[in-house]
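Please take a moment to look over the sequence and the model before reading on. The paragraphs below go from an enclosed space to the residues around it, and then to a group of rings.

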Amino acid sequence: QVQLVESGGGLVQAGGSLRLSCAASGSIFSISAMGWYRQAPGKQRELVAGIINGLSTNYADSVKGRFTISRDNVKNTVYLQMNTLKPEDTAVYYCYADIYGRRSWGQGTQVTVSS
């Protein structure tokens, strides 16, 4: 089992930047993939970005070219650098980690982008 703690959310104006962090503890050596989902009010949770085995990355089309996911294996932390933020990026962002086919979730962090 792994525990995930997110940080870095907040309020930012459109065009601004934020960096989300997700620190993992517990069975970290068994993590095969980590990443971020988001959920806006009244909408389904959607994948934002993921990183597999610390190398391969994937992004939602809506964030390609603006968001970058990275993983620091020494700090056991995954980051989401979000640039050129838009009001439609407003959501609660959730970190996840996959271990042997089971997914753990963080508690979520609010990102609000004002126009």
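A cavity, in the sense used here, is a set of grid points where a 1.4 Å probe fits but cannot get out. Rolling a probe the size of a water molecule over the atoms shows where empty space is left. In this model, which is predicted, a search of the whole structure finds one cavity of 30 Å³ or more, and the volume of the largest cavity is about 30 Å³. Its lining is made up of A24, I28, I31, M34, R71, N76 and T77, and these residues divide into four nonpolar, two polar and one charged.

One of the lining residues, T77, can serve as a way into the surrounding chain. T77 belongs to strand 8, which covers residues 77-82, and it counts as buried because its relative accessibility is 7%, where buried means under 20%. When neighbours within four places in sequence are left aside, T77 is in contact with S21, C22, A23, S70, R71 and D72; R71, like T77, also lines the largest cavity. A polar atom of the T77 side chain lies 2.9 Å from the backbone oxygen of K75. The C-alpha atoms of T77 and L4 are separated by 9.1 Å, although the two residues are 73 residues apart along the chain.

Another lining residue, I31, leads on to D98, since D98 touches S30, I31, S32, A33 and R103 when residues up to four places away in sequence are not counted. D98 lies in strand 9, which spans residues 91-99, and with a relative accessible area of 14% it is buried.

Strand 9 also holds one of the aromatic residues to be considered next, Y96. A pair of aromatic rings is described by the distance of the centres and the angle of the planes. The structure holds three aromatic pairs, and among them is the edge-to-face pair of Y37 and Y96, with 5.4 Å from centre to centre and 75° between the planes. This pair links distant parts of the chain, as Y37 sits in strand 4 (residues 31-39) and Y96 in strand 9, 59 residues apart. Y37 counts as buried at 17% relative accessibility, and Y96 is buried as well, with a relative accessible area of 6%. Y96 and W105 form a further pair, which is tilted, with 6.0 Å from centre to centre and 55° between the planes. W105, by contrast, is partly exposed, with a relative accessible area of 35%. Taken together, Y37, Y96 and W105 form one aromatic cluster.

Conventions: Residues numbered from 1 in each chain as written. Predicted model: local features only at pLDDT ≥ 70, side-chain atom pairs only at ≥ 80, totals over all residues. Heavy atoms only, no water. Helix = DSSP H or I, 4+ residues; strand = E, 2+ residues; numbered from the N terminus. Buried < 20%, exposed > 50% of the residue type's maximum accessible area, 1.4 Å probe, protein only. Contact = heavy atoms within 4.5 Å. Polar contact = N/O pair within 3.5 Å; in protein donor to acceptor, adjacent residues only side chain to side chain. 1 Å grid on protein atoms, 1.4 Å probe; cavity = no way out; pocket = protein on both sides within 12 Å on 5 of 7 lines; lining within 4 Å. Points joined across faces, edges and corners; volume = space filled by probe spheres on them. Nonpolar A, V, L, I, M, F, W, Y, C, P; charged D, E, K, R; others polar. Phe/Tyr/Trp six-rings, centres within 6.5 Å; stacked < 30°, edge-to-face > 60°.
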